[in-house]
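Visitor: I am new to this structure, and I would like to go through the words used for it one at a time. Could you show me what each word rests on?

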Amino acid sequence: MPTDLTEIRNIGPAFAEALMRAGVADAETLREVGADTAYARMLKAGTQPHFIGYYVLHMALQGRPWNDCKGAEKAALRKRFDALKAESFDKGLSDFEKVLDEIGVIARR
């Protein structure tokens, strides 16, 4: 019988729902695909990117408190998050708008 996602430390009902919408239905699947793949699936399914959610997922899979991520580890995860977001999150922009966004012309919301 599959294990509910909320059985993993740091994953509450809302986060579990976002994972399920992205096709990650249980704890075993999450552990199998890993944090990066699961988060990329969430972004592709429409979840708005948020760095805290990304590193909380990493901490969850390691059984660590969500706020245990600090220093060099957090900086390294930030780089991975930025790359993942660039690859997996579609803002619905035209090609022209994407170029403007890359150079910082489009304001953040």
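Visitor: What makes Asn10 partly exposed, rather than buried or exposed?

Guide: This is a predicted model, and in it Asn10 has a relative accessible area of 26%. Buried means under 20% and exposed means over 50%, with partly exposed in between, so Asn10, at 26%, is called partly exposed. Asn10 is placed in the segment before helix 1.

Visitor: What is unusual about the phi of Asn10?

Guide: Most residues other than glycine have a negative phi. Asn10 is not a glycine, and yet its phi is positive, about 80°. A positive phi, near 110°, also belongs to Gly46, which follows helix 2.

Visitor: Why is Glu7 counted as buried or exposed, whichever it is?

Guide: The relative accessibility of Glu7 is 60%, and because exposed means over 50%, Glu7 counts as exposed. Like Asn10, Glu7 is found in the segment before helix 1. Glu7 and Ala27 are 20 residues apart in sequence, while their C-alpha atoms are 7.5 Å apart in space.

Visitor: How do you know that helix 2 is not straight?

Guide: Helix 2 runs over residues 27-44, which is 18 residues, and a straight helix would reach 26 Å at 1.5 Å a residue, but the end C-alpha atoms of helix 2 are only 20 Å apart. The helix bends by about 105° at Gly34.

Visitor: Which residues of helix 2 are buried, and what covers them?

Guide: Among the buried residues of helix 2 are Ala27, Leu30, Gly34, Tyr39 and Leu43. What covers the buried residues of this helix includes helix 1 (13-21), helix 3 (51-62) and helix 4 (71-88).

Visitor: What is found at the start of helix 2?

Guide: There, a side-chain oxygen of Asp26 reaches to within 3.2 Å of the backbone nitrogen of Glu28.

Visitor: Why are Tyr39 and Tyr54 called an aromatic pair, and what makes the pair edge-to-face?

Guide: Rings pair if their centres lie within 6.5 Å, and planes over 60 degrees apart count as edge-to-face. For Tyr39 and Tyr54 the centres are 5.4 Å apart and the planes are at 70°, so both conditions are met and the pair is edge-to-face. Tyr39 lies in helix 2 and Tyr54 in helix 3, so the pair ties together parts that are 15 residues apart in sequence. Both Tyr39 and Tyr54 are buried.

Visitor: How do you know that Phe51 and Tyr55 also form an edge-to-face pair?

Guide: Their ring centres are 5.1 Å apart with 65° between the planes, and because the limits are 6.5 Å for the centres and over 60 degrees for the planes, Phe51 and Tyr55 form an edge-to-face pair as well. Phe51 and Tyr55 both lie in helix 3, four residues apart, which is about one turn of the helix. Both Phe51 and Tyr55 are buried. Ring pairs link Tyr39, Phe51, Tyr54, Tyr55 and Phe81 into a cluster.

Visitor: What sits over the ring of Phe51?

Guide: The charged end of Arg78 sits over that ring, 4.8 Å from its centre.

Visitor: Why is Thr47 called buried although it lies in a loop?

Guide: Thr47 is placed in the loop between helix 2 and helix 3, but the word depends on the accessible area: buried means under 20%, and Thr47 has a relative accessible area of 18%, so Thr47 is buried. Leaving aside neighbours within four places in sequence, Thr47 is in contact with Ala18, Arg21, Met42 and Phe89.

Visitor: What makes Asp68 partly exposed, and which residue shares a polar contact with its side chain?

Guide: Asp68, in the loop between helix 3 and helix 4, has a relative accessible area of 33%, and because partly exposed lies between 20% and 50%, that is the word for Asp68. A polar contact of 2.8 Å joins the side chains of Asp68 and Arg64. Not counting residues up to four places away in sequence, Asp68 touches Met59 and Glu73.

Visitor: How many helices and strands does the protein have?

Guide: The secondary structure comes to five helices and zero strands, and buried residues make up 33% of the 109 residues.

Methods. Residues are numbered from 1 along each chain as its sequence is written. Side-chain values use heavy atoms; hydrogens and water are left out. Helices (H or I, at least four residues) and strands (E, at least two) are DSSP runs, numbered from the N terminus. The expected span of a helix is 1.5 Å times one less than its number of residues. The bend at a residue is the angle between axes fitted to the seven residues ending there and the seven starting there. Buried means under 20% relative accessible area, exposed over 50%, partly exposed in between (1.4 Å probe, protein chains only). Contact means heavy atoms within 4.5 Å. A polar contact is a pair of N or O atoms within 3.5 Å; within protein, one must be able to donate a hydrogen and the other to accept it, and residues adjacent in sequence count only if both atoms are side-chain atoms. Rings of Phe, Tyr and Trp (its six-membered ring) pair if their centres lie within 6.5 Å; planes under 30 degrees apart count as stacked, over 60 as edge-to-face and the rest as tilted. A charge sits over a ring if NZ of Lys or CZ of Arg is within 6 Å of the ring centre and within 35 degrees of the ring normal.
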